[in-house]
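Please read this report with the structure open beside it, and look up each residue as it is named. The text begins with one part of the chain and then moves on to the whole chain and to its aromatic rings.

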Amino acid sequence: MRLSSRLRLFWFLLTLISFPALGHTDVGVAGGLLSGLIHPVKGLDHLVAMIAVGLWGAQLRQPAIWLLPITFPLVMALGGLAGLAGLPLPGLEIGIAVSAIALGLAVGFAWRAPLWLAGLLVALFALFHGYAHGRELPQAADPLAYGAGFVVATGLLHLCGIGLGALAHWPRGAQWVRALGAGIAVCGGYFLLAAAGGAG
């Protein structure tokens, strides 16, 4: 199947998915640990970006395969504190959408970025995702359990990405991983349109 055909198939499947595009539009429904665990999975913008971190780490191999998935939750927690404190962060939704685009393109092109640059980009994007979560913490029934839940869920999504990224050890698998990255970038484009009010 050619790459363009894969993208069309991915886009078609995307339209069938009933999850909300933006995972942080459900302010007021946060609960405790279970709610925090489910939250990143409910929002495709969080889900694809976190899987992309694992995919990219797997492509870059050691030590990025572990450094990137560790960096993301740590900085995301700091972003969560910033959101909880009410610090300003302009362009939140756009930043999250751009994270999916950039990480998806990095995977799609199998970009061999220097470790420091890959870590810096992942940290920057984690800040936006964490801030979005942090804004919801005050509404949570149990903020600490909710925060712990979404950090754990984030780590599990990274592991899913690493697992899928292991396919890159084989030539055909590497093509699929890159196609998945391209699909994530397409999702990011959709999120960007949604953030701008042009989609959804």
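Residues 144-167 form a span that is 92% helix and 0% strand, and the C-alpha atoms at its ends lie 36 Å apart. This value, like the others in this report, comes from a predicted model. A second span, residues 91-110, is 85% helix and 0% strand, with its end C-alpha atoms 27 Å apart. Both spans appear in the UniProt record, an unreviewed entry, which places the feature "transmembrane region" at residues 39-58, 65-85, 91-110, 115-132, 144-167 and 179-199; such annotations may be inferred rather than shown by experiment.

The protein chain as a whole contains eight helices and zero strands, and along the sequence these elements follow the pattern α-α-α-α-α-α-α-α. Of its 200 residues, 47% count as buried. The protein chain exposes about 9500 Å², and carbon and sulfur atoms supply 74% of that area. Among the contacts in the protein chain with a separation of 6 or more, 79% are between residues 24 or more positions apart.

Which aromatic rings pair with each other in this structure? A search of the whole structure finds two aromatic pairs, and the table gives the values for each of them.

| Pair | Distance of ring centres | Angle of planes | Class |
|---|---|---|---|
| Trp-56 and Trp-111 | 5.7 Å | 20 degrees | stacked |
| Tyr-190 and Phe-191 | 6.2 Å | 65 degrees | edge-to-face |

The planes of Trp-56 and Trp-111 stand at 20 degrees, so this pair is stacked, since planes under 30 degrees apart count as such. Trp-56 lies in helix α3 (residues 44-60), whereas Trp-111 lies in the loop between α5 (92-108) and α6 (115-136), so the pair ties together parts that are 55 residues apart in sequence. Are these two residues buried or exposed? Trp-56 is buried, with a relative accessible area of 1%, while Trp-111 is partly exposed, with a relative accessible area of 37%.

In the other pair, the planes of Tyr-190 and Phe-191 stand at 65 degrees, so the pair is edge-to-face, the class for planes over 60 degrees apart. Tyr-190 is partly exposed, with a relative accessible area of 24%, whereas Phe-191, at 1% relative accessibility, counts as buried. The UniProt record includes residues 179-199 among the spans of its "transmembrane region" feature.

Methods:
Residues are numbered from 1 along each chain as its sequence is written. This is a predicted model: local features need pLDDT of at least 70, side-chain atom pairs count only at pLDDT 80 or more; totals for chains, interfaces and linings use all residues. Side-chain values use heavy atoms; hydrogens and water are left out. Rings of Phe, Tyr and Trp (its six-membered ring) pair if their centres lie within 6.5 Å; planes under 30 degrees apart count as stacked, over 60 as edge-to-face and the rest as tilted. Helices (H or I, at least four residues) and strands (E, at least two) are DSSP runs, numbered from the N terminus. Buried means under 20% relative accessible area, exposed over 50%, partly exposed in between (1.4 Å probe, protein chains only). Contact means heavy atoms within 4.5 Å. Accessible areas come from the Shrake-Rupley method with a 1.4 Å probe; for residues, only the protein chains shown count as cover.
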